[in-house]
Amino acid sequence: MRNYYIAGNWKMHKTRAEAAALAQALVAQLKDGKHKYLVAPSFTALETVAAIVKGSNILLGAQNMAAEEQGAHTGEVSVLQLKDLGVHTVILGHSERRHTYKEDDGLINKKVQLALQHGLEVILCVGELLSEREAGKAEAVCETQTVQGLAGVAAADFSRVTIAYEPVWAIGTGRTATPEDADAIHAYIRQVIARLYGADAAQQILIQYGGSVKPDNAAQLMAKENIDGALVGGAALKADTFVPIATFQ
Ligand code: PGA
């Protein structure tokens, strides 16, 4: 039986004081929560939030990192710096990184490999554009992003990988994939994983859904056989909306 994994991606929101207030509320309200939890604040709030979630059941995540360990990379943040702050997991290949900042599968794969080499966990995001879905290419796009994103990842490291299926047309739009449509893609991704890492790995990997997850749709989504949690954006910015998702029944 797979556990559920609920992650909050705070994106480019919150000052340190605002991030601290939210982290404190989540630590208090999720202390009896039964699932795996993660919050991913902006880089600027990582140290603040790290001190608050330390010793709690909430893991600390970063939203991105550089593909190189260190060096002349103005404006980038390295895996060494994230580890120094107590980061446990890094979200890679988010659709905003892919589409707004033009990150391709090759770059994302370098980041995935580097994060795993350094002992971090990875949430690898995959998902199709609306035009790709309408052209019947949703499965193919997710397959390519999964296969290329995981290229060179050893079976031994694969246990630290979570996939987040986030259809781009559902992110921040209020439009959610139906539980059936999402489950179908999750099942497809599981088949791709089975081909790459074997049937056991495919059964064990957690596949989150992301894209307008809210308190009123979380339970229906996560009731589906292949949906093992959520990567939450907008609704992760307030305890009032994140806690009901994180403690869904
Ligand atoms: P959303 O974002 O919940 O605001 O749609 C999800 C995400 O981008 O991870």
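Contact here means heavy atoms within 4.5 Å. The model is predicted.

**Exercise 1. Place threonine 89 in the fold and list what it touches.**

Step 1. Find the element. Threonine 89 sits in strand 4, residues 89-92.

Step 2. Check its exposure. Buried means under 20% relative accessible area. Threonine 89 has 1% relative accessibility, so it counts as buried.

Step 3. List the contacts, leaving aside neighbours within four places in sequence. Threonine 89 is in contact with Tyr5, Leu38, Leu60, Gly61, Ala62, Glu121, Val122 and Ile123.

Step 4. Assign some of these partners to strands. Tyr5 belongs to strand 1. Strand 2 spans residues 36-40, strand 3 spans residues 58-62, and strand 5 covers 121-126.

**Exercise 2. Describe the barrel and the pairing of its strands.**

Step 1. Start with the whole. A closed barrel of 8 strands runs in the order 1-2-3-4-5-6-7-8, with parallel pairing. From one strand to the next, the twist averages 25 degrees.

Step 2. Take strand 1 and strand 2. They run parallel and are joined by 5 bridges. Asparagine 9 has alanine 40 of strand 2 as its bridge partner.

Step 3. Take strand 3 and strand 4. These pair in the parallel sense over 2 bridges. Alanine 62 stands opposite valine 90 in strand 4.

**Exercise 3. Decide whether the faces of strand 1 are covered or open.**

Step 1. Recall the pattern. In a regular strand, side chains alternate between the two faces of the sheet.

Step 2. Sort the residues by side. Tyr5, Ala7 and Asn9 lie on one side, with Ile6 and Gly8 on the other.

Step 3. Check burial. Strand 1 covers residues 5-9, and 5 of its 5 residues are buried. Both faces are therefore covered.

**Exercise 4. Classify the packing of helix 1 and helix 2.**

Step 1. Name the two descriptors. Two packed helices are described by the angle between their axes and the distance between the axes.

Step 2. Read both values. The axes of helix 1 (residues 16-29) and helix 2 (residues 46-53) come within 9 Å and cross at roughly 20 degrees.

Step 3. Apply the cut-off. Angles under 35 degrees count as roughly parallel. Helix 1 and helix 2 are therefore roughly parallel to each other. Their crossing is right-handed.

Step 4. Name the contact residues. Helix 1 gives Arg16, Ala19, Ala20, Ala23, Gln24 and Val27, while helix 2 gives Thr48, Val49, Ile52 and Val53. By class, that makes 7 nonpolar, 2 polar and 1 charged.

Step 5. Relate helix 2 to the strands. Helix 2 lies across strand 2 and strand 3, at about 165 degrees to strand 3.

**Exercise 5. Locate glutamate 128 and describe its surroundings.**

Step 1. Glutamate 128 lies in the loop between strand 5 and helix 6 (130-134).

Step 2. At 0% relative accessibility, glutamate 128 counts as buried.

Step 3. Not counting residues up to four places away in sequence, its contacts are Arg133, Ala138, Val141, Cys142, Tyr165, Pro167, Val168 and Trp169.

Step 4. Look at one partner. Alanine 138 is 10 residues away along the chain, and the two C-alpha atoms are separated by 5.4 Å.

**Exercise 6. Compare lysine 102 and serine 212: which is buried and which is exposed?**

Step 1. Start with phi. Most residues other than glycine have a negative phi. Lysine 102 has a positive phi near 55 degrees, and serine 212 has a positive phi near 60 degrees.

Step 2. Locate them. Lysine 102 is in the loop between helix 4 and helix 5. Serine 212 is in the loop between strand 7 and helix 11.

Step 3. Check accessibility. Lysine 102 is exposed, at 65% relative accessible area, whereas serine 212 is buried, at 10%.

Conventions:
Residues numbered from 1 in each chain as written. Predicted model: local features only at pLDDT ≥ 70, side-chain atom pairs only at ≥ 80, totals over all residues. Heavy atoms only, no water. Axes fitted to C-alpha atoms, helices over the stretch in contact; angles between N-to-C directions. Helix = DSSP H or I, 4+ residues; strand = E, 2+ residues; numbered from the N terminus. Parallel < 35°, antiparallel > 145°, perpendicular 65-115°, else oblique. Left-handed = near helix turned anticlockwise from the far one by under 90°. Nonpolar A, V, L, I, M, F, W, Y, C, P; charged D, E, K, R; others polar. Buried < 20%, exposed > 50% of the residue type's maximum accessible area, 1.4 Å probe, protein only. Pairing = 2+ DSSP bridges.
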